[in-house]
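Trainee: I would like a close look at a single part of this model, with its surroundings. Please take me through it step by step.

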Amino acid sequence: MSVVTRIARSRAAQESLGFLGASYLKLVRRTNRFSLDPPDAYDWLTPLRPFIAAMWHGQHLMVPFVRRPQDRVATMVSRSVDGGVNTAVLERMGVRVMRGSGARRSSDVWAKGGVQALRGCLKALEGDESVAFSADVPKVSRRCGEGIVLLARMSGRPVVPTAVVTSRYIQFDSWDRASLGLPFGRGVMAFGEPIAVPRDLDAAGIEAVRQRIEADLNAVHARAFAQVGRIDPVHTRKGAPAR
């Protein structure tokens, strides 16, 4: 293991980066003029709690903006080095973090902590915490997996497609096509219609719900970006700020 890797894995380094990351995100939140779509979103979201806020992985640092001080929210974060930094950021944004992630191969799920994290999500929902859940198949951007369908099916809680976008952003050349908002612009926190997942779904029903979540997540992102005069950053040139 290299010296750089050892330093990156240290708790002190991750906490320091987490502090800087959270401070930056709070600056973005304060300096962008955010609106809700629909405008009465919190009026109908509040009675739905706890719910599952579906997001694309590249939005995992922006979605905490929708959390109000009174809202209790938990999420899953991988056990990777990057996940350690993300954990430190999210905890400073008021989100409780459970470590673990899914995997494309079922044999890897235990090693990555996916089963334990899924159980943690179920326990969080049972304890009246909403859960922000990345819908992507691991390492496959914008392809919804069955994990979020399973969570909704087992918990009985609705899935709410969620997007947080800003008019100025940087898009990264990463597997999840992550984007990060820049200060001093406009922003939208958008929500799709709640999706209920019955417990008695067969394989065809699970696939239909999976496809709907995927389509609705893409639609809510497109709608949000349209409101700030942009398009979904997966369609823009990667790695450069959009101004």
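How many aromatic pairs does the structure hold? And please go on from there to the sheet and to the surroundings of N32.

Mentor: This is a predicted model, and the structure holds 3 aromatic pairs. One of them joins Y169 and F225 in an edge-to-face arrangement, with 5.6 Å centre to centre and 75° between the planes. Y169 belongs to strand β9 (residues 169-171) and F225 to helix α7 (residues 203-227), so the pair ties together parts that lie 56 residues apart in sequence. Y169 has a relative accessible area of 2% and is buried. F225 is buried too, with a relative accessible area of 2%.

Now the sheet. Its 7 strands run in the order β1-β11-β8-β2-β5-β3-β4, and the sheet is open with mixed pairing. At the edges are β1 (33-37) and β4 (96-99), each of which pairs on one side only. From one strand to the next the twist averages 25°. In general, strands of a sheet pair through backbone hydrogen bonds, either parallel or antiparallel. Here β1 pairs with β11 (residues 186-191) in the parallel sense, over 5 bridges. Within that pairing, R33 of β1 stands opposite R186 in β11. Helix α4 (residues 81-92) packs on the sheet, where it touches β3 (73-77) and β4. The direction of α4 makes about 160° with that of β4.

That leaves N32, in the loop between α2 (11-31) and β1. Is N32 buried or exposed? Its relative accessibility is 5%, and the cut-off for buried is under 20%, so N32 counts as buried. The side chain of N32 makes a polar contact on the helix side, reaching the backbone oxygen of V28 at 2.8 Å. V28 is itself one of the buried residues of α2, a list that also includes A13, G18, A22 and L25. On the sheet side, the side chain of N32 reaches the backbone nitrogen of R186 at 3.3 Å. This is the R186 that stands opposite R33. Not counting residues up to four places away in sequence, N32 touches T166, L182, P183, F184, G185, R186 and G187.

As for α2, the helix before this loop, its length can be checked. At 1.5 Å a residue, its 21 residues should span 30 Å, and the end C-alpha atoms are 30 Å apart, which agrees.

To put the part together: the side chain of N32 reaches V28 as well as R186, and N32 sits in the loop that leads from α2 to β1.

How values were computed: Residues numbered from 1 in each chain as written. Predicted model: local features only at pLDDT ≥ 70, side-chain atom pairs only at ≥ 80, totals over all residues. Heavy atoms only, no water. Pairing = 2+ DSSP bridges. Helix = DSSP H or I, 4+ residues; strand = E, 2+ residues; numbered from the N terminus. Axes fitted to C-alpha atoms, helices over the stretch in contact; angles between N-to-C directions. Contact = heavy atoms within 4.5 Å. Buried < 20%, exposed > 50% of the residue type's maximum accessible area, 1.4 Å probe, protein only. Polar contact = N/O pair within 3.5 Å; in protein donor to acceptor, adjacent residues only side chain to side chain. Expected span 1.5 Å × (residues − 1). Phe/Tyr/Trp six-rings, centres within 6.5 Å; stacked < 30°, edge-to-face > 60°.
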